[in-house]
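Student: Here is a model I would like to question. How do its labels follow from its numbers?

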Amino acid sequence: MRYEAAAALLPEELRRAALTLPPPLRFRAEELRLRAGRPMTALTGEEERPLPVTVTPRLLEELCDRAAEYSRYAAAETIRQGYLSVRGGFRLGLCGTAVIKGEENTGMRQLSSAVLRIGREKTGIGRTLAPSLFRGGRFLSTLLLSPPGGGKTTLLRDLVRCISDGDGCPVRRVALLDERGEVAVMCGGVPQMEVGRRTDVLDGCPKALGIPMVLRAMNPQVIAVDEITRRQDLEAMVLSAGCGVGLLATIHAADRRELEEKPLYRQLLSERVFSLAVCICRQADGTRAYTVEELE
C-alpha cells in the first residue's frame, strides 16, 4: 500500500511510529508532517493526527539524505526550491534556513520541517471524462477547477495518461510541464507516476519558459500544466493556443464564478484560450464528481 511504502522511506524510529496509525486511516492519509521538537503527524483529510515520536533535527537530516539517495549534491537544484522528488512517486517538501546569495536562494540548511506527500495514482478516473473533452476528434482546451486539495492534480495526471494512450479518447502527443514535480514525479529521468506512452515531461521548469521550449522542440498536440498562477503563465498559453496546440491546465477555483472574480483569470476567460471547464466537487462519501461547462 502507498502509506506503507511512504513509511519505508523514513528513518527507522519514524517508520515505527508511522505504522502505529490504524489501517483504516492509512488509506485516507495524504501527508506525513514532521516539525522539529514536535510529534510527527499524519494528515487525514482536514485533521493532523499525532504519532508517538518527537521529530529531531537529526531525523530530518537523515530523512533528507535518504530521500536524496545520499547525494544531496545531485539533488541540489530541487532542494534549493524546497522539495525532493522521491523514487516511488513521493514528494518531500522541506523547510529550514534558506541560503541566500544576492537575491536568490541557493540552498537549504538547518532543516526544521518536512512534509512527505503520499501521492496516489487513481488510474481510470479520467476515462469516462476524457471523451467529452473532444469535438469531432479535436481536443478542446480545458481547465480543471477545484479548491485546494480537491483532486485537480490527480485528475490532470490521469487525463494526460488517457490522452497519451488513447484510453477512451483519440490519441494525442502530450507535453507535460511538471514545474513542481508533482504530476509525473520524475526520478532519474523516469516518471514515477503513469502519464502515458506518448507523453514528454519537462520537469522543474517554470511554465512561462517551458511552454515555448516544448513548442519548438517536441511538436506536442496537447500541452498540460499544473496550476496557472502568474500572468507570464497565461501569456505563454496564449502563444501556444495561437500555434494550434490544445491546453490542459489546473486552477485553484471552485467554479467559473470564482474565476471571474479574480483579475488574472478574468483575462484568461476574455482571451478565450480555453473552451471547457471541469469543476471537481468532493462529495460527502469522499468521492469526486466532475461537471463539464462550456466557456465559449
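Tutor: The turns below take cysteines, salt bridges and pockets in order. Keep in mind that this is a predicted model.

Student: How do you know that the structure holds zero disulfides?

Tutor: Take Cys279 and look for its nearest cysteine sulfur. That sulfur belongs to Cys281 and lies 9.2 Å away. A disulfide needs the two sulfur atoms within 2.5 Å. At 9.2 Å, Cys281 is therefore too far from Cys279 for a bond. The count for the structure is zero.

Student: Why is Cys279 called buried?

Tutor: Its relative accessible area is 14%. Buried means under 20%, so Cys279 qualifies.

Student: What makes Cys281 partly exposed?

Tutor: Cys281 has 45% relative accessibility. The partly exposed class runs between 20% and 50%, so Cys281 falls inside it.

Student: Why is the contact of Arg72 and Glu61 called a salt bridge?

Tutor: Their side chains meet at 2.6 Å, N to O. The cut-off is 4 Å, from a side-chain nitrogen of Lys or Arg to a carboxyl oxygen of Asp or Glu. The pair of Arg72 and Glu61 therefore passes.

Student: What does the pair of Arg72 and Glu61 tie together?

Tutor: Glu61 sits in helix H4 (57-67), and Arg72 in the loop between H4 and H5. The pair thus joins parts eleven residues apart in sequence.

Student: Which exposure class do Arg72 and Glu61 belong to?

Tutor: Arg72 has a relative accessible area of 26% and is partly exposed. Glu61, at 25%, is partly exposed too. The lower limit of that class is 20%.

Student: How do you know that Glu294 and Arg135 form a salt bridge?

Tutor: Again, N to O: 3.0 Å for Glu294 and Arg135. The limit is 4 Å, so the contact of Glu294 and Arg135 counts. Glu294 lies in strand E17 and Arg135 in strand E7 (residues 134-135), so this bridge ties parts 159 residues apart in sequence. Glu294 is partly exposed at 45%, and Arg135 is partly exposed at 37%.

Student: How far apart in sequence are Arg256 and Glu260?

Tutor: Four residues, about one turn of helix H9 (residues 256-260), which holds both Arg256 and Glu260. Their side chains meet in a salt bridge at 3.0 Å, N to O. Arg256 is partly exposed at 24%, as is Glu260 at 36%.

Student: How many salt bridges does a search of the whole structure find?

Tutor: It finds 30. Some are linked in a network, whose members include Glu31, Arg33, Arg180 and Asp226.

Student: What makes up the lining of the largest pocket?

Tutor: Its residues divide into 13 nonpolar, twelve polar and 19 charged. That lining has 44 residues; Glu30, Gly149, Thr154, Arg282 and Arg288 lie nearest the centre. Helix H6 (152-165) is among the elements that give two or more residues. H6 supplies the largest share, four residues. The volume is about 1500 Å³.

Student: Which residues lie nearest the centre of the second largest pocket?

Tutor: Ala74, Ala75, Leu84, Ser85 and Gly188, out of 19 lining residues. Those 19 split into nine nonpolar, six polar and four charged. Gly counts as polar. Strand E4 (83-86) is one of the elements supplying at least two, and its four residues are the largest share. About 340 Å³ of space lies in this pocket.

Terms used:
Residues numbered from 1 in each chain as written. Predicted model: local features only at pLDDT ≥ 70, side-chain atom pairs only at ≥ 80, totals over all residues. Heavy atoms only, no water. Buried < 20%, exposed > 50% of the residue type's maximum accessible area, 1.4 Å probe, protein only. 1 Å grid on protein atoms, 1.4 Å probe; cavity = no way out; pocket = protein on both sides within 12 Å on 5 of 7 lines; lining within 4 Å. Points joined across faces, edges and corners; volume = space filled by probe spheres on them.
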